[in-house]
Amino acid sequence: MGSSSELFKVHTLSEAIDSLKPYVLSFYERVEQIPLEESLGRILTKDIPATCAVPNFRKSTMDGMAVRAADTFGASESMPALLECLGEIRMGEAPTKSLGKGEGILIPTGGMLPEGADSVVMVERLEHFGETLYGVTKAVAPGENLIEIGEDFTEGEVLLSRYTRIRAQEMGLLASLGMNQVAVLPRFKVGILSTGDEIIPPDQKPLPGQSRDINGYTLLGLALACGADARHYGIVKDNLEELRSVLAQMLKENDIVLLSGGSSVGLRDLSAQLISELGEPGLLFHGLALRPGKPTIGGVVDGKLIFGLPGHPASAMVVFEALVRPWIDGSVLKSQVDPLPKGVLSQNLYSGSGREEFVRVKLVPHTEGWQVEPVRGKSGLIRTMVLADAIVHIGLDTEGIEAGKEVSFRLLR
Ligand SMILES: Nc1nc2c(c(=O)[nH]1)N[C@H]1C(S)=C(S)[C@@H](COP(=O)(O)OP(=O)(O)OC[C@H]3O[C@@H](n4cnc5c(N)ncnc54)[C@H](O)[C@@H]3O)O[C@H]1N2
Ligand code: MOO
């Protein structure tokens, strides 16, 4: 359990993530078998080896004639190579004849090449001289217009690694391996709670001093968008007893609990206190060397992750991207980060705050790629997030980035 001196020590983002990891690795040992049709966005729990070669026959990529390339060498419009046609290959069937010297067989795109053939002449380069006599008006090279056995992949190759997030193309690959059931991580259950005496539901009209709940909805949207089974539990006033009972319930029902508001030093310090009271090991950090996101808290309560995100709406979203998303999409377990797109910064970015920063940016199409324009505005303004397309990370040791420099960005999806 964190001692009081530890609680207010500011941690870096990666220290914060590392402090939580040992307690929740069992999250990633769970397995659910699901139909391939339902696997979009889910995370594989195993490496996927190729159990067969694809394709498992030599396949034509053109409508035309399967030939021996050597028979076409030197062919031209004025001097076609003459071939004897043995007939036609039917789609989906293995050829019954093999090809000898000076012979060809008509073949559809996707058809299986016969023994003896090493290439396909497309139909546009064929002339039918009558009966079984055909002319080839342009030579083909061996291997032209066909896909070799195992050209997509060969048996035994590892095609997808554990913790890969399944996109449409992975669904197609799994289908090509005949996998109609897939082993994936269960969807993370995420519970979201907004706190604060001043926060009211969106269907109420705010009195002076009150604000409608924004974070409950942004966090719900972010969690759903990264594949979680997320639920918004509503609003709790700054009342210790009420907060305790709602949090206890949420921890029972979820893998990850997100609170917003009530995380900075001061009278609203109840959630930090509660996290340690609710179970072991309790609060693991209070305060991150992050901008926005300084007052973020995090801990583990009996195997469940719990985060207190800053109340300011843009901050809550940015901290979700930096600290919460990696658990849900499994990227905390990957040693390599996925490559990020890049663009050119339109104006100087100053940092040097002694904290890592995430800057909201707009992406403007440019002659070569993207121009990255910082969105100005306080982190209490939700509209800054609506105007932003992406966030740019400025590392702890970077003082700033000059206009004209290339920067990586993470898209806000
Ligand atoms: N003296 C200091 N004051 C503050 C500091 C600091 O270091 N020293 N940090 C500031 C930063 S940075 C942030 S971020 C906020 C974080 O505050 P809390 O997380 O404790 O949140 P609240 O104080 O409850 O609220 C802050 C702000 O956000 C609004 N809010 C809260 N929840 C919602 C919601 N669900 N939907 C919409 N808006 C919400 C709330 O009304 C406040 O306006 O503290 C700074 N202060
Ligand atoms: O974390 Mo505050 O989040 O910098 O606005």
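**Exercise 1.** In this predicted model, explain why strand β18 (residues 281–286) is largely enclosed by the rest of the structure.

*Solution.* Step 1: a residue is buried if 20 or more other C-beta atoms lie within 10 Å of its own. Step 2: in β18, five of the six residues are buried. Step 3: the strand is therefore largely enclosed by the rest of the structure.

**Exercise 2.** Find how β18 pairs with strand β20 (residues 297–301), and which residue of β20 stands opposite Pro 281.

*Solution.* Step 1: five bridges connect β18 and β20, and the sense is antiparallel. Step 2: opposite Pro 281 stands Val 301 of β20.

**Exercise 3.** Work out the strand order of the sheet that contains β18, and explain why one side of each edge strand lacks a neighbour.

*Solution.* Step 1: the order is β16-β13-β17-β21-β20-β18, six strands in an open sheet with mixed pairing. Step 2: the edges are held by β16 (229–236) and β18, each with a single partner strand, so one side of each is left without a neighbour in the sheet. Step 3: on average, neighbouring strands of this sheet are turned by 15 degrees against each other, direction ignored. Step 4: at the β16 edge, strand β13 (residues 189–195) and β16 run parallel and are joined by six bridges. One of the bridge pairs is Gly 191 with Arg 231 in β16.

**Exercise 4.** List the buried residues of helix α4 (residues 215–225) and state which elements they pack against.

*Solution.* Step 1: Asn 215, Gly 216, Thr 218, Leu 219, Leu 222 and Ala 223 are buried. Step 2: in an α-helix, residues three or four places apart point the same way, because there are 3.6 residues a turn. Step 3: the buried residues of α4 pack against β13, β16, β17 (256–260) and α7 (313–328). Step 4: after α4 comes Gly 227, with a positive phi near 95 degrees.

**Exercise 5.** Decide whether Val 344 is buried, exposed or partly exposed, and describe its surroundings.

*Solution.* Step 1: Val 344 lies in strand β22 (residues 342–345). Step 2: 16 other C-beta atoms are within 10 Å, so Val 344 is partly exposed. Step 3: leaving out residues up to four places away in sequence, Val 344 touches His 366, Gly 369, Gln 371, Val 372, Gly 404 and Glu 406.

**Exercise 6.** Classify the residues that surround ligand 2.

*Solution.* Step 1: the surrounding residues are Arg 291, Pro 292, Gly 293, Lys 294, Pro 295, Pro 310, His 312, Ser 315 and Ser 379. Step 2: Gly counts as polar. Step 3: the shell then has three nonpolar, four polar and two charged residues.

Terms used. Residues numbered from 1 in each chain as written. Chains lettered and ligands numbered in written order. Predicted model: local features only at pLDDT ≥ 70, side-chain atom pairs only at ≥ 80, totals over all residues. Near = placed C-beta within 6 Å. Buried ≥ 20, exposed ≤ 12 C-beta atoms within 10 Å, placed from the backbone. Helix = DSSP H or I, 4+ residues; strand = E, 2+ residues; numbered from the N terminus. Pairing = 2+ DSSP bridges. Axes fitted to C-alpha atoms, helices over the stretch in contact; angles between N-to-C directions. Contact = placed C-beta atoms within 7 Å.
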